[in-house]
Amino acid sequence: MALLLRAATWGLSSGRGYCSRGTQGSLREVFVAALRAVVGPPHVSTSIAVREQHGRDESMHRCQPPDVVVWPQNVDQVSRLTALCYSHGVPIIPFGTGTGLEGGVCAVQGGVCMNLTHMDRITALNLEDFSVVVEPGVTRKALNTHLRDSGLWFPVDPGSDASLCGMAATGASGTNAVRYGTMRDNILNLEVVLPSGQLLHTAGPGRHFRPGFWPSLPALYVLGSRKSAAGYNLTGLFVGSEGTLGLITAATLRLHPVPEATVAATCAFPSVQAAVDSTVHILQAAVPVARIEFLDDVMMDACNRHSQLNCVVAPTLFLEFHGSEQALVEQLQRAEEITQHNGGSHFSWAKEAEERSRLWAARHNAWYAALALRPGCKGYSTDVCVPISRLPEILVQTKEDLKASGLTGAIVGHVGDGNFHCILLVDPEDPEELHRVEAFAQQLGRRALALHGTCTGEHGIGLGKRQLLQEEVGAVGVETMRQLKATLDPRGLMNPGKVL
Ligand SMILES: Cc1cc2nc3c(=O)[nH]c(=O)nc-3n(C[C@H](O)[C@H](O)[C@H](O)COP(=O)(O)OP(=O)(O)OC[C@H]3O[C@@H](n4cnc5c(N)ncnc54)[C@H](O)[C@@H]3O)c2cc1C
């Protein structure tokens with residue numbers, strides 16, 4: 001490795017100024033040539049279109065694009081590129097699939113964007129140990145397609161087909177988290193290229209157990225004794241680090257048995273309060289629901305139009321149950337009783353895979369359905385999460401605030417986790433509206449903090465929530481994070497401007 005690092009940086013001592021900017025503000029050609037020497041000329045681009053495509057995600061955050069985009073083909077190249085950038089003071093921005101919602105890939109100080117999608121192999125599948133090792137270009141859908149006949153699956157499902165290592169980097173979750181947990185609960189080990197170019201295996205090379213145990217998730221009990229108490233939880237440190245501590249070049253993930261049977265259900269409610277009360281009661285009754293998602297009336301209307309559904313336009317819960325045929329009958333019955341008790345109507349369910357996927361495709365396309373409410377506008381998604389007991393009050397209040405604000409927005413949420421999103425539509429050319437949207441989001445974030453919640457359940461901090469993070473973890477918390485960052489990234493070159 002030392003030899004390789006030397007080769008990558010040969011002839012490029014920072015004293016010769018190779019990292020300084022050229023006349024157009026881009027990196028000097030000799031530095032770009034050194035990048036090409038590592039990955040080969042076809043895997044480096046300085047074209048404006050490619051750089052702009054890599055300088056933004058699905059959010060409305062915008063800033064300058066990276067100076068250059070590189071596509072490493074293997075971990076060794078990632079190490080050499082990282083050491084090269086680091087020794088010349090050039091910022092490094094990891095890029096997964098660019099579906100993030102917090103501006104995580106924006107190149108606030110320019111630099112080198114490392115697109116990791118060419119590293120897309122599934123390198124090990126341990127069926128008996130319920131684990132799999134994926135490179136950073138593997139997406140969640142690609143993994144589940146690969147697993148199709150294995151009897152196992154990976155349940156964490158953000159609506160987008162994100163890269164699994166990008167999901168690790170943002171601490172992602174999705175509709176199944178209420179039963180199967182988030183990325184934090186499903187990562188057993190990470191291979192990380194540190195800013196120095198060194199390779200770290202967060203749980204030790206080749207190991208696939210996770211530190212700690214998660215007693216509140218019944219599905220994980222099935223998998224038994226995978227645990228470790230060996231030292232600090234380095235895996236946990238990198239999950240949610242948003243590319244600010246290193247580049248994740250492989251993830252060992254926990255797999256789950258495919259449930260014997262699955263039923264999806266929907267139920268409409270007379271009010272937001274009634275829908276959320278039902279959620280709380282279903283969880284309190286210990287119904288082992290796999291998914292429980294809330295959509296408000298505006299969102300339902302948007303989904304009906306976008307996905308050609310014919311659902312009642314009212315606050316609605318989408319539910320899913322996993323288990324044996326007999327267990328499903330009981331779960332459905334109990335959930336229906338609870339929803340009826342709260343004034344729910346139109347309780348309908350579907351067992352056929354086609355109908356279930358149509359329903360969940362509509363839910364997963366909610367972001368695009370909301371965007372279609374105001375063509376030409378951008379979406380801004382809030383992401384607060386509160387203890388489940390505080391969910392009814394914050395959701396009801398948010399709905400009222402939304403009406404009073406005059407903004408166009410829809411609410412959709414992983415309410416089983418206490419997490420929900422207001423998808424606000426904003427004309428990017430209208431600074432006054434932009435300001436109102438940001439003010440609304442900040443106010444909602446602060447309300448969640450006041451209820452002992454968090455400003456982000458799953459999208460991360462990125463560019464827009466740094467102030468809220470400080471309020472959430474406090475001065476000592478932020479200082480501790482700064483010290484950790486400075487230890488691993490003393491020159492502050494890993495995805496600068498994000499998180500802290
Ligand atoms: C329609 C839609 C629905 C969504 N629904 C959800 C949802 O339900 N739940 C949810 O959690 N998210 C959701 N998201 C957000 C998004 O899909 C997640 O944040 C996802 O985890 C981002 O993965 P990515 O590969 O696209 O990462 P990117 O957008 O490419 O990057 C995100 C951040 O991670 C860093 N990063 C990426 N790859 C690596 C790596 N290999 N090593 C180190 N750092 C890296 C980047 O630098 C950046 O800071 C949704 C997005 C869309 C568009």
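Two worked exercises follow, on the ligand shell and the cavities of a predicted model.

**Exercise 1. Describe the shell around the ligand and its polar contacts.**

Step 1: find the nearest residues. The ligand has 37 residues around it, and Pro94, Thr97, Thr99, Ser160 and Ser163 come nearest.

Step 2: sort the shell by class. It holds 16 nonpolar, 18 polar and three charged residues.

Step 3: assign the shell to secondary structure. Strands S3 (92-95) and S12 (247-254) each supply at least two residues, as do helices H6 (164-170) and H15 (366-371). H6 gives the most, with five residues.

Step 4: check N and O pairs against the 3.5 Å cut-off. A ligand nitrogen lies 3.0 Å from a side-chain N or O atom of Glu458. A ligand oxygen is 3.2 Å from a polar backbone atom of Gly104. For His414, a side-chain N or O atom is 3.4 Å from an oxygen of the ligand.

Step 5: gauge the cover. On its own the ligand has 970 Å² of accessible area, and the protein covers 97% of this.

**Exercise 2. Characterise the largest cavity and its lining.**

Step 1: count the cavities. Three reach 30 Å³ or more.

Step 2: take the largest. It contains about 60 Å³ of space.

Step 3: list the lining. Among the residues there are Tyr380, Asp383, Gln442, Cys455, Lys465 and Leu468.

Step 4: find the main contributor. Helix H17 (residues 431-450) gives the most to this lining, with four residues.

Step 5: sort by class. The lining divides into six nonpolar, four polar and two charged residues.

Notes. Residues numbered from 1 in each chain as written. Predicted model: local features only at pLDDT ≥ 70, side-chain atom pairs only at ≥ 80, totals over all residues. Heavy atoms only, no water. Near = heavy atom within 4 Å. Polar contact = N/O pair within 3.5 Å; in protein donor to acceptor, adjacent residues only side chain to side chain. Areas by Shrake-Rupley, 256 points an atom, 1.4 Å probe, with all protein chains shown as cover. Nonpolar A, V, L, I, M, F, W, Y, C, P; charged D, E, K, R; others polar. 1 Å grid on protein atoms, 1.4 Å probe; cavity = no way out; pocket = protein on both sides within 12 Å on 5 of 7 lines; lining within 4 Å. Points joined across faces, edges and corners; volume = space filled by probe spheres on them.
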